[in-house]
Amino acid sequence: GNVVVSYEGKTIHADRLVVNTDTGIGEADGHVVITDEGTRLTADRSKFNLKAHQGKLYNAKGVLARKAAGVMTPNTGAGMTPPPPGGIPANSVATQKVEYYVEGKELVKLGENHYKASQASLTTCKGKLPDWMIQAESVDMKVGDRALFKNGAVKIRDVPVFYLPIGYVPLDQ
């Protein structure tokens with residue numbers, strides 16, 4: 001039916017779900033939706049270990065998200081006016097949400113922010129027809145760091161532009 005499991009800020013929805021509460025090992029089948037701090041992945045089925053923060057999703061797609069923190073310092077050089085009272089204080093920290101849209105035949109979560117995917121696509125563009133995407137045989141992603149891919153094609157508006165046998169994309173911005 002409509003099964004929901006919540007554990008340490010993560011939520012798993014599925015039609016059928018079995019989990020060993022002692023080990024954290026489980027399986028979910030049918031309309032699987034996993035959410036965790038802005039990350040939302042859907043799949044046909046999943047095997048996971050809640051306690052180890054690992055899992056494998058089959059026919060998966062969704063958004064991998066992280067909050068990026070940056071230091072904002074107003075420019076108060078020559079000719080510049082300082083920020084008004086109540087404006088952005090010097091050395092204040094601002095956060096912004098960074099999202100990566102991913103799809104893959106298999107998507108494996110190896111650890112915190114570390115994923116591997118096969119027969120995958122990756123982009124930062126929203127919508128059914130993204131402005132750009134990389135489709136690859138395999139992708140190793142560390143959200144907030146980088147994505148390494150093998151046998152990939154860079155596509156612009158779903159038109160292959162060039163082939164890369166191996167590639168690197170920074171995922172830190």
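I began with Val19 and looked up its partner across the sheet: in this predicted model, Val19 stands opposite Gly26 in β4. I then followed the two strands themselves, and found that β3, which covers residues 16–19, pairs with β4 in the antiparallel sense over 4 bridges. Between β3 and β4, which form a hairpin, I counted 5 residues, and I noted that Gly24 in the turn has a positive phi of about 85°.

Next I turned to the largest nonpolar core, which has 32 residues, and recorded that Ile12, Leu64, Leu107 and Met141 touch the most other members. I checked which strands supply at least two residues of this core, and they include β2 (10–14), β4 (25–36), β7 (92–111) and β10 (146–156). For Ile12 I left aside the neighbours within four places in sequence and listed its contacts, among them Val3, Leu17, Ala28, Val33 and Phe48.

Is Lys10 buried or exposed? I placed Lys10 in strand β2 and found it buried, because its relative accessible area of 13% is under the 20% cut-off. Beyond its neighbours within four places in sequence, Lys10 is in contact with Val5, Thr35, Asp36, His53 and Lys109.

Finally I looked at confidence: the protein averages a pLDDT of 84, and 81% of the residues score at least 70. Over residues 69–81, however, the pLDDT is below 50, although this stretch has 23 contacts in the model beyond near neighbours in sequence. Residues 86–94 also have a pLDDT below 50, with 19 contacts counted in that way. I reminded myself that where pLDDT is low, the predicted coordinates should not be read in detail.

Notes. Residues are numbered from 1 along each chain as its sequence is written. This is a predicted model: local features need pLDDT of at least 70, side-chain atom pairs count only at pLDDT 80 or more; totals for chains, interfaces and linings use all residues. Side-chain values use heavy atoms; hydrogens and water are left out. A nonpolar core is a set of buried Ala, Val, Leu, Ile, Met, Phe, Trp, Tyr and Cys residues joined through side-chain atoms within 4.5 Å. Buried means under 20% relative accessible area, exposed over 50%, partly exposed in between (1.4 Å probe, protein chains only). Contact means heavy atoms within 4.5 Å. pLDDT is the predictor's confidence in each residue, from 0 to 100. Two strands pair if DSSP finds at least two bridges between them.
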